[in-house]
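Thanks for coming, everyone. Let me put the structure on the screen and walk you through it.

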Amino acid sequence: KSKTFYGLDHFLMTKRKEVIIVEGFLDMMRMHLYGFYNTLGIINAEINYPQLALLKQMGVKRIISMLDNDAAGQNGNNALWKKARKDFILSTIDYPEGVKDPDKMSRDQVLEALENKRRLMFIS
């Protein structure tokens, strides 16, 4: 499972060659329900090198991180930055107050978060 993603069988690439990364199956399902078929679940909070190689092979240029708004998600963002900053354009979102993961966001909240995405940076 470390070499694949949740939702890969329904993935649709955007014109911008952009993928949204979430932590789990429920987050991915919610995003697909909202029409974001460029979303993939990484199965845990940290993407690995085989998954990044697959994204590169698929032609992905941009990764938007929507990892959970908790310590594990922040660690996952740091790992993503370390592993992928040379090969991809990386960004992340800010969650609405009190919201921890994409599964708990409304479609409007997701749209606003994606519209206001920011560059992913390493946080110590």
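Start with strand E1, residues 18-22. Of its 5 residues, 5 are buried, so the strand is largely enclosed by the rest of the structure. One word of caution before going on: this is a predicted model.

Now look at the two faces of E1. On one side sit Glu18, Ile20 and Val22. On the other side sit Val19 and Ile21. Both faces are covered, and the residues on each are buried.

What does E1 pair with? One partner is strand E3, residues 62-65, and the two run parallel over 4 bridges. Take Glu18 as a marker here: its bridge partner in E3 is Arg62. Another partner is strand E2, residues 39-41. E1 and E2 are also parallel, joined by 3 bridges. The marker on that side is Val22, which stands opposite Gly41 in E2.

Let's step out to the whole sheet. It has 5 strands, it is open, and its order is E2-E1-E3-E4-E5. The pairing is mixed. Which strands stand at the edges? They are E2 and E5, the latter being residues 118-119. Each has a single partner strand, so one side of each is left without a neighbour in the sheet.

Where does the antiparallel pairing come in? Look at strand E4, residues 89-92, which pairs with E5 in that sense over 2 bridges. In this pair, Thr92 stands opposite Arg118 of E5.

Stay with E4 for a moment. Ser91 lies in this strand. Is Ser91 buried or exposed? Its relative accessible area is 9%, which is under the 20% cut-off, so Ser91 is buried. Leaving aside residues up to four places away in sequence, Ser91 touches Ile63, Ile64 and Ser65. It also touches Lys117, Arg118, Arg119 and Leu120.

Next, the order along the chain. The protein has 4 helices and 5 strands. From the N terminus on, the elements run β-α-β-α-β-α-β-α-β. Keep that next to the sheet order, E2-E1-E3-E4-E5.

Now the overall size. How does the radius of gyration agree with that of a compact globule? For 124 residues, such a globule would come near 14 Å, and the protein has 13 Å, which agrees. The C-alpha trace spans about 35 × 35 × 25 Å along its principal axes. Buried residues make up 48% of the 124.

Contacts next. Take those between residues at least 6 apart in sequence. Of these, 71% join residues at least 24 apart.

Then the surface. The accessible area of the protein is about 7000 Å². Carbon and sulfur atoms account for 51% of that. As for charge, there are 19 positive and 15 negative side chains. The centres of those two sets lie 10 Å apart.

Two backbone points to look up on the screen. The first stop is Lys17, in the segment before E1. Lys17 is not a glycine, yet its phi is positive, about 55°. Its relative accessibility is 38%, so Lys17 counts as partly exposed.

The other stop is Ile43. Find it in the loop between E2 and helix H2, residues 49-58. Ile43 has a positive phi too, near 80°, and is a residue other than glycine. Is Ile43 buried or exposed? Ile43 is buried, with a relative accessible area of 19%. The cut-off for buried is under 20%.

Ile43 also leads us to Thr4. Not counting residues up to four places away in sequence, Thr4 touches Ile43 and Gln51. Thr4 is found in the segment before E1. At 30% relative accessibility, Thr4 counts as partly exposed.

To finish, two distances across the model. Thr4 and Ser106 are 102 residues apart along the chain, and their C-alpha atoms are separated by 27 Å. Ala71 and Leu111 are 40 residues apart along the chain, and their C-alpha atoms are separated by 24 Å. Where is Ala71? It lies in helix H3, residues 71-84. At 57% relative accessibility, Ala71 counts as exposed.

If you keep one picture, keep the sheet: E1 is largely enclosed, while E2 and E5 stand at the edges. Happy to rotate the view if anyone wants another look.

Note on methods:
Residues numbered from 1 in each chain as written. Predicted model: local features only at pLDDT ≥ 70, side-chain atom pairs only at ≥ 80, totals over all residues. Heavy atoms only, no water. Rg over C-alpha atoms; globule rule 2.2 N^0.38 Å. Buried < 20%, exposed > 50% of the residue type's maximum accessible area, 1.4 Å probe, protein only. Contact = heavy atoms within 4.5 Å. Areas by Shrake-Rupley, 256 points an atom, 1.4 Å probe, with all protein chains shown as cover. Lys, Arg positive; Asp, Glu negative; His and termini not counted. Charge placed at Lys NZ, Arg CZ, Asp CG, Glu CD. Pairing = 2+ DSSP bridges.
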